[in-house]
Amino acid sequence: EGAIEWADPDEELFRHLQKARLLDPRRARQFDEYRRAYADVLLKWELLEERLEIVNQMSSGSLDLEEIGFCVKCSKCGGLMTGGKCDKCRIYGLSCSICRVPVKGSSSICLACGHGGHVRHMRDWFVDHSLCPTGCGCVCIELNPKFWKHLGQTFKNAKEL
């Protein structure tokens, strides 16, 4: 009678961890949207293992690819860009940072500064340079050399990293 019963310490820890959360569960959907956007960037950078770690932390545990998307507005008229061309004024949205000609086909774009151009021109530029060809100061190659891997060439500057 009157004796105190002590709880099992492992059970107490387990209960505590079940209740303790760093993120507010009521905002899980918002946090999943952040994770979803980051997972999309990792996919573009071909960082598949890192992407999987992020996807596994989502409350739903998977990605519905039909829900992921973004739209780009034309800088001249504000129209919607579809297929690289504005639906209203019909101009192309990306001009090559090297030759200044509109990019109608494949392009390579730096996710840090947003500049880019024709795949061949960008590949040729980054053989000898690590700075963005626009002169904006972005060190495109050093910020993420794996991003440029899809250009199909090993860059001299990326080897120094």
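Accessible areas here come from the Shrake-Rupley method with a 1.4 Å probe. With that in hand, let us walk through this predicted model. The protein chain has an accessible surface of about 11,800 Å², and carbon and sulfur atoms account for 52% of that surface. The chain has 161 residues, of which 25% are buried.

Next comes the overall layout. The protein chain holds six helices and four strands. Reading from the N terminus, you meet the elements in the order α-α-α-β-β-β-β-α-α-α. If you take the contacts between residues at least 6 apart in sequence, 31% of them join residues at least 24 apart.

A good place to look closely is helix α3, which spans residues 48-56. Which residues of α3 are buried? They are R51, I54 and V55. These three lie on the same side of α3, because they cover an arc of only 100° around the axis. Turn to the face that points away from this buried side, and you find the exposed residues E49, E53 and N56. Part of the cover over the buried residues of α3 comes from α2, residues 28-44.

Helix α2 deserves a visit of its own, and its salt bridges make a handy guide. How many salt bridges are there in the model? The count comes to three. One of them joins the side chains of D32 and R35, with 3.1 Å from N to O. Both residues belong to helix α2 and sit three residues apart, about one turn of the helix. D32 has a relative accessibility of 4%, so D32 counts as buried.

Another salt bridge pairs the side chains of E33 and R36, at 3.4 Å from N to O. E33 and R36 are separated by about one helical turn, because they are three residues apart in helix α2. The two partners can be described by how much of each is accessible. E33 is partly exposed, with a relative accessible area of 38%, whereas R36 is buried, with a relative accessible area of 10%.

There is also a salt bridge between the side chains of K44 and D40, again given from N to O, at 3.4 Å. K44 and D40 are four residues apart in helix α2, so about one helical turn separates them. K44 counts as partly exposed at 42% relative accessibility, and D40 counts as partly exposed at 21%.

Now let us move on to the cysteines. How many disulfides are there? The count is zero. Take C89, which is in no disulfide: its nearest cysteine sulfur, that of C86, is 3.6 Å away. A disulfide calls for cysteine sulfur atoms within 2.5 Å, so a pair beyond that cut-off is not counted. C89 is partly exposed, with a relative accessible area of 31%. C113 is likewise in no disulfide, and the nearest cysteine sulfur, belonging to C110, is 3.8 Å away. At 24% relative accessibility, C113 counts as partly exposed.

From here we can step into the interior. Which residues form the largest nonpolar core? It has seven members: C110, M122, F126, C132, C138, C140 and I141. Helices α4 (119-128) and α5 (140-143) each supply at least two residues of this core. One member, C132, is worth following through its contacts. Leaving aside residues up to four places away in sequence, C132 touches C113, H115, W125, C138 and C140. A second, separate core has six residues, including L42, L47, I54 and V55. You have already met I54 and V55 among the buried residues of helix α3.

Our last stop is the backbone in the loop between β2 and β3. Most residues other than glycine have a negative phi. Against that background, R90 has a positive phi of about 65° although it is not a glycine. R90 lies in the loop between β2 (85-86) and β3 (107-109). R100 is also not a glycine, and it has a positive phi of about 65°. The place of R100 is in the loop between β2 and β3 as well. Is R100 buried or exposed? With a relative accessible area of 56%, R100 is exposed.

Definitions and conventions
Residues numbered from 1 in each chain as written. Predicted model: local features only at pLDDT ≥ 70, side-chain atom pairs only at ≥ 80, totals over all residues. Heavy atoms only, no water. Buried < 20%, exposed > 50% of the residue type's maximum accessible area, 1.4 Å probe, protein only. Contact = heavy atoms within 4.5 Å. Arc of directions from axis to C-beta. Salt bridge = Lys/Arg side-chain N within 4 Å of Asp/Glu carboxyl O. Core = buried A, V, L, I, M, F, W, Y, C linked by side-chain atoms within 4.5 Å.
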